[in-house]
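Hi there,

I am passing a structure on to you, as promised. Please have a look at it before you read my notes underneath.

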Amino acid sequence: AGNGGDATLGSVSGSSVSGGTVNVTGAANGGNGGAASGSGNAGDGASIAMTDKVDGSTSGSLTLTQNISGGNSGAVDSGLNGTAGSAFSSLSKDVTADAIKPSALSVNTQGFGGNGGERDTATGQAANGADGTAISSATNNGGSARAYTDARGGTGGVGRNGADGGDGGNSFSTATASTSGDGNSIDVDGFAAFSSGHGGGVTNGAGSDGGAGGTGTSSSTGGTGGTVSSGTGSGGAGGDAISNASGSNAAGAGTAQNVIASANGRGGNGGTGRGVGESGGAGGNGTLGTVNGTSTSGGAVTVTGTATGGTGGAGATGANGGLGGNGDAVNALSGSSTGTLSLTQTGTGGAGGSSDGGGSAGNGGIGNAEATGTNSGGTLTVTATANGGNGGAGFSGSDAGDAGIATLGTALATDTV
């Protein structure tokens with residue numbers, strides 16, 4: 001079968017000389033690969049990568065949006081899978097050197113990986129979903145700045161009549177915003193969810209495995225593992241999630257501006273498994289990367305991070321439940337201000353998957369938390385909380401799972417004055 005066609009996006013721009021609101025959007029979508037029957041081979045989805053294709057200017061509100069999607073790969077019976085198309089979208093806007101500065105600057109990107117095609121035969125694995133990447137950066141010294149990203153890995157293809165489900169694609173997202181000047185607000189929202197793509201499911205399986213969910217990086221949720229909806233097989237593991245965020249403000253002699261930076265990493269849930277000797281998929285791990293908030297003007301800075309493990313997949317008709325994922329929130333937060341600084345991070349293990357019909361339910365995941373904070377003269381509050389995941393429930397003769405462990409490290413606050 002044929003491959004999907006490329007998409008080309010030229011420069012897209014808009015401006016207002018009277019200070020009106022300006023919204024500029026550019027989008028490019030890769031074509032889908034063709035499907036094939038019998039022993040024919042599937043087509044590839046087109047991969048698309050775009051950087052700084054959208055621009056604009058005004059002294060009013062300026063919103064720039066760049067949306068990129070990769071193409072889906074085609075479906076097959078017994079032939080070769082196609083490859084789903086990846087998506088990369090990066091957009092930056094810095095107005096510090098511009099004569100005309102917007103009162104409000106918003107930079108938005110989307111990067112959606114293509115979905116894997118299904119496979120309908122007794123062997124092999126359906127096609128994997130492709131990766132999605134979104135990067136946004138907004139810098140403004142004349143007003144507020146907002147950066148938003150939405151990155152999604154493609155869903156793995158469904159496996160039918162014995163084939164395994166495809167793995168979900170990964171997602172990567174980075175959002176950065178900064179301002180200078182009195183009273184200018186900051187909004188940073190990095191989203192990489194559905195985030196990584198979900199693993200492909202299984203229909204009429206014969207010891208078949210659901211696909212693993214992809215990994216999400218940013219404020220993110222790992223993809224859900226594929227579920228075995230009929231026949232027998234083990235559910236796919238949930239994808240891991242790693243979360244990062246940053247925000248800063250530098251005011252002048254006027255009003256100090258508060259800064260809020262938050263990040264959430266949640267592992268994907270495991271898929272359902274069916275049949276004796278099979279199991280639900282393990283929940284993905286949630287992890288915090290780097291989360292930072294800074295005010296050089298004495299504004300209050302609040303930095304929050306939450307890491308949560310995914311729930312283990314259920315075990316049906318005698319299968320075991322999956323293990324809950326771990327939530328790791330260990331010294332990921334930092335911030336600085338001559339005013340108030342609050343650092344709060346929480347690590348929570350995911351619940352174990354239930355079991356029905358004679359298997360064993362999954363154990364809860366581990367919750368890890370540790371926090372250290374330093375501030376210069378202002379009030380400093382440091383909070384760390386660890387929560388172990390609940391054990392899975394046992395039904396119809398299945399044993400219940402054990403609760404997860406909660407591990408609390410040091411919670412330390414230091415004044416550098």
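Below are my notes, going from the whole chain to a few chosen residues.

Please keep in mind that this is a predicted model, in which local features need pLDDT of at least 70 and side-chain atom pairs count only at pLDDT 80 or more, while totals for chains, interfaces and linings use all residues. Numbering runs from 1 along each chain as its sequence is written, and side-chain values use heavy atoms, with hydrogens and water left out.

First, the overall picture. The protein chain has 0 helices and 32 strands (both are DSSP runs numbered from the N terminus: helices are H or I with at least four residues, strands are E with at least two). Of its 417 residues, 50% are buried; buried means under 20% relative accessible area, exposed means over 50%, and partly exposed is in between, with a 1.4 Å probe and protein chains only. About 15,000 Å² of the protein chain is exposed, and carbon and sulfur atoms supply 46% of that area (accessible areas come from the Shrake-Rupley method with a 1.4 Å probe; for residues, only the protein chains shown count as cover). Among contacts with a separation of 6 or more, 77% join residues that are 24 or more positions apart; a contact means heavy atoms within 4.5 Å.

Next, the charged pairs. The whole structure holds 4 salt bridges, each being a side-chain nitrogen of Lys or Arg within 4 Å of a carboxyl oxygen of Asp or Glu. One of them joins Lys93 and Asp55, with N to O at 2.7 Å. Lys93 belongs to strand β6 (residues 87-94) and Asp55 to strand β4 (residues 54-57), so this pair ties together parts 38 residues apart in sequence. Lys93 also pairs with Asp98, where the closest N and O atoms are 4.0 Å apart. Asp55, Lys93 and Asp98 are thus linked in a network of salt bridges. Within it, Lys93 is buried at 11% relative accessibility, whereas Asp55 is partly exposed at 36% and Asp98 is partly exposed at 29%.

Another salt bridge is formed by Arg152 and Asp150, whose closest N and O atoms are 3.0 Å apart. Here Asp150 is buried, at 3% relative accessibility, and Arg152 is partly exposed, at 23%.

Finally, two serines. Ser106 sits in strand β7 (residues 104-112) and counts as buried because its relative accessibility is 9%. Its side chain makes a polar contact with the side chain of Asn108 at 3.3 Å (a polar contact is a pair of N or O atoms within 3.5 Å; within protein, one must be able to donate a hydrogen and the other to accept it, and residues adjacent in sequence count only if both atoms are side-chain atoms). Leaving aside residues up to four places away in sequence, Ser106 touches Leu62, Thr63, Leu64 and Arg146.

Where does Ser337 lie? Ser337 is in the loop between β26 (333-336) and β27 (341-348), and with 5% relative accessibility Ser337 is buried. A polar atom of the Ser337 side chain lies 2.9 Å from the backbone nitrogen of Gly339. Again not counting residues up to four places away in sequence, Ser337 touches Ser295, Gly298, Gly299, Val301, Asn375 and Ser376.

Best wishes
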